[in-house]
Amino acid sequence: MSLSLTPDDITRRCNRLARIIADDLADRQTRDGNFPLPEFYAKGFACALWTKLDPHNFKENVNRALDALIAEVPDRTYHREFIEYALLAIPGLSNDTRNSILKNTRNLAPDVANWQILGLRNHQAKSSSFFNKLLGLLHTGFIRYRYWRSPVFLDRPGCFSAQYHAFCAALLSDSPNPSDRVIASKATGLIAALVGDHGYANLLGRGAGQSFGAVCALYVLMKHGFHPQAEAVLYRLEEAILNAATMPLNPLAARPLPENPGPTNPQTPGWYSYNRHDDYLAFAGYWLHRAATLKPADTPAGQSIQSPLIFLKITQSYHAQMALVGKQSFDVSSSPVITAGHGQDAILLLPPTGGETDQQSLYTPTSTPLPMASDGQVGLFQKAQRVSKTEVRIQFSLAGKQGSRTLTFADDEICITDHCPDPVFGKPDLFRLLFNGELGLARISDHELYVERLGVRIHCDHPISIDQNDTYTTAGPAQRITAPGCNHAKLSIRWGTGHV
């Protein structure tokens, strides 16, 4: 990054962002204590932020929010673990008030790591009997057996998400159990490796790019002494708030909220129907304030990136990463997420194309942010495997056919080869790669494209088609390139200093 900053500089900047978000939440709060957009747990985290940051100034906001929480009628989507965690963080909140809010509701406890760890941390935060302590130890053992594959926290069994990996690490880094803090430290080394110097904290898996994971990554990076990586993440968050005039749900697509923001409005980029703006806004403010109160940490022992679940390649030209396992269509990276350049000048070339497709994308079925073209056929990528330090192979299905993709990574070139046999019944459109739409692909010939801003040439041994209609990634509008009507094609992305 640009200047060498001290931990005190970073904490002051975190506190400034937390204050901006606290004021934003206060302005957004309605007279009945709620928020204008649907939310699951925003009131709880807003109260936790307001009371820790400035309880006198935000007293009325807190009281209105608590009254609204008490009046809320829980349903099957009631995020009890999240709400209880926020309530336990509010200084001086009585047990009676907390119980009147939670209303004897049960934990949802889905088969998801962050929910399970939230339940554990809530249990640890309360005094308990010997029997309850024993249950806590059993729950800890279950979590480690089911979701921990050092140095990786699984999102769901067999699936990785950088966002929820960071949240799990943040939660366990505050555990009273020393062994929990040890594995949180190991998980933070992986986060540091994924962040590099570009500052994009959570580019792989479910929730790619969202503020939720970015603030958790910032917190644990600061807590465990990864100050350059923490400052890089903080810079991206500051830049997002500057561009959006608020903390956007997804900083990769940072722009002001439209008049009617929400999952049904395509002018709200980076959204999926399950995620809520005010939830993520309050959540981000809470963790930013937590980061601002951290004491300077010792220099970390190092980064750990040895995992069969992830592929990571860093060169002078690019930073590439892929998720290699998963069950849903968005879990396995169909193409590498590529950041070109370094530091504050780094920019996404191939942004994340995954998302929470168990919930419908706001961009309509014809523009699901997966490798799908105008033929309406979705490429499903599964069974990815790291062959070597420089090669990944993936099996996919497309148009009823089974195919394979081989990716090779050199210092200044990435080659992608698609092979889809059985051409008797028609040849599909291969590659379906989604490039950052802001960069602009300039055509040199039928076979070659150029990204002038980055000095990147894209060459294919078949004619290349460019499509930008209804084409989006989690970072916003994109350009999709395909090799139409072929069953075998090779494409190279090459960095260089020369001009066309």
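This report walks through the overall make-up of the chain and then a few of its residues.

The model is predicted, and local features are described where pLDDT is at least 70, with side-chain atom pairs counted at pLDDT 80 or more and totals for chains, interfaces and linings using all residues. Residues are numbered from 1 along each chain as its sequence is written, and side-chain values use heavy atoms, with hydrogens and water left out.

**The chain as a whole**

Let's start with the broad view. The chain has twelve helices and 18 strands (DSSP runs numbered from the N terminus: H or I of at least four residues for helices, E of at least two for strands). Of its 500 residues, 58% are buried, meaning under 20% relative accessible area with a 1.4 Å probe and protein chains only, while exposed means over 50% and partly exposed lies in between. Among contacts (heavy atoms within 4.5 Å) with a separation of 6 or more, 67% join residues 24 or more positions apart. The chain exposes about 20400 Å², and carbon and sulfur atoms supply 50% of that area (Shrake-Rupley method, 1.4 Å probe).

**Backbone features**

Most residues other than glycine have a negative phi, and most peptide bonds are trans. Two residues here that are not glycine have a positive phi, as the table shows.

| Residue | Phi | Location | Relative accessible area |
|---|---|---|---|
| Asn 104 | about 60° | loop between helix 5 (95-102) and helix 6 (113-124) | 76%, exposed |
| Arg 432 | about 55° | strand 11 (residues 430-436) | 3%, buried |

There is also a cis peptide bond, with omega about 5°, between Ser 150 and Pro 151. Pro 151 belongs to the loop between strand 1 (148-149) and strand 2 (152-153).

**A buried serine**

Next, take a look at Ser 173, in the loop that links helix 8 (162-172) to helix 9 (178-195). Ser 173 counts as buried because its relative accessibility is 3%. Its side chain reaches the backbone oxygen of Ala 170 at 2.7 Å. Leaving aside residues up to four places away in sequence, Ser 173 touches Arg 181, Ala 184, Tyr 219, Val 220, Lys 223 and His 224.

**A nonpolar patch**

Finally, turn to the surface. Phe 130, Phe 131, Leu 134, Leu 135, Leu 137 and Leu 138 make a nonpolar surface patch of about 670 Å². Such patches join nonpolar side chains (Val, Leu, Ile, Met, Phe, Trp, Tyr) within 5 Å and like charges within 9 Å, using residues with over 30% relative accessible area and no salt bridge (a side-chain nitrogen of Lys or Arg within 4 Å of a carboxyl oxygen of Asp or Glu). Phe 130 sits in helix 7 (residues 130-147), and it counts as exposed because its relative accessibility is 69%.

Technical notes. A polar contact is a pair of N or O atoms within 3.5 Å; within protein, one must be able to donate a hydrogen and the other to accept it, and residues adjacent in sequence count only if both atoms are side-chain atoms.
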